[in-house]
Amino acid sequence: YLKAGAQGYVRAWYLLGLLRKSGKDGKPDFPGALDAFKRGAEAGAPDSMVEWGLLVEEGKGADKNPVEANRLYQRAAELGNGRALYFLGVNAEQGIGTDRNPVAAAAWYGRSAEAGSTDGQLAYGIYLLNGFRIKADQAGAIPWLKKAAEKGAGRASYLLGEASEFGKGTKKDMNEAVRWYLESARRGYGD
């Protein structure tokens, strides 16, 4: 990976970072991972920017700095990275490295969902379903939850089961509810 990265294969830095992050024999090399992700990010790789941000946010291999993590997520988000958009939403929702702002969180989650992030689709669907400081749009939540469920998000399947059982954003349909609940259980999600 070092040779490939040095020869301009930018994704090699990301892959090397993931290897170092997972570690050899279960022992992560966070400083080594951070170095690889930095090199990838400096070469313009948004996935490396996100991973660098995660390490900095958690203080692994570097001093903990959620503000810097958000800057890295922002750079990756500007390149259309759905995971970066999702993490900006999480941090806006929870006030990590920025002011707590549920309205901004919903906007980040919406952009993440549109970029194809499963986590973003689930989070945006939940925001729309429940109206967390935004106007609830239960019918608008259903397509996002279905997209997340189709990608294996068990919680999305569960929420679709509830929506079908109680008629939230869709018609009441116990057969459909049971189908979604079973899918949720199959995915390992249970309440």
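**Note on aromatic contacts**

1. Tyr14 has a relative accessibility of 11% and therefore counts as buried, since the cut-off for a buried residue is under 20%. This value, like those that follow, is computed on a predicted model.

2. Across the whole structure, a search returns 8 aromatic pairs. One of the pairs joins Tyr14 and Phe37: the ring centres are 6.3 Å apart and the planes stand at 45°, so the pair is classed as tilted. Distant parts of the chain are linked by this contact, as Tyr14 belongs to helix 2 (residues 11-22) and Phe37 to helix 3 (residues 30-42), with the two positions 23 residues apart in sequence. Phe37 is likewise buried, at a relative accessible area of 0%.

3. A tilted pair is also formed by Tyr158 and Tyr181, with 5.4 Å from centre to centre and 50° between the planes. Tyr158 is part of helix 10 (residues 154-166) and Tyr181 part of helix 11 (residues 174-186), so the contact ties together parts 23 residues apart in sequence.

4. What is the accessibility class of each partner in this second pair, Tyr158 and Tyr181? Tyr158 is buried, with 15% relative accessibility, whereas Tyr181 counts as partly exposed at 22%. The assignments differ because the cut-off for buried is under 20%.

5. Five residues make up one aromatic cluster: Tyr73, Tyr86, Phe87, Tyr109 and Tyr127.

6. A contact between a charge and a ring may be added to the description. Arg179 is placed over the face of Trp180, 4.3 Å from the ring centre.

Key: Residues numbered from 1 in each chain as written. Predicted model: local features only at pLDDT ≥ 70, side-chain atom pairs only at ≥ 80, totals over all residues. Heavy atoms only, no water. Phe/Tyr/Trp six-rings, centres within 6.5 Å; stacked < 30°, edge-to-face > 60°. Helix = DSSP H or I, 4+ residues; strand = E, 2+ residues; numbered from the N terminus. Buried < 20%, exposed > 50% of the residue type's maximum accessible area, 1.4 Å probe, protein only. Lys NZ or Arg CZ within 6 Å of the ring centre and 35° of its normal.
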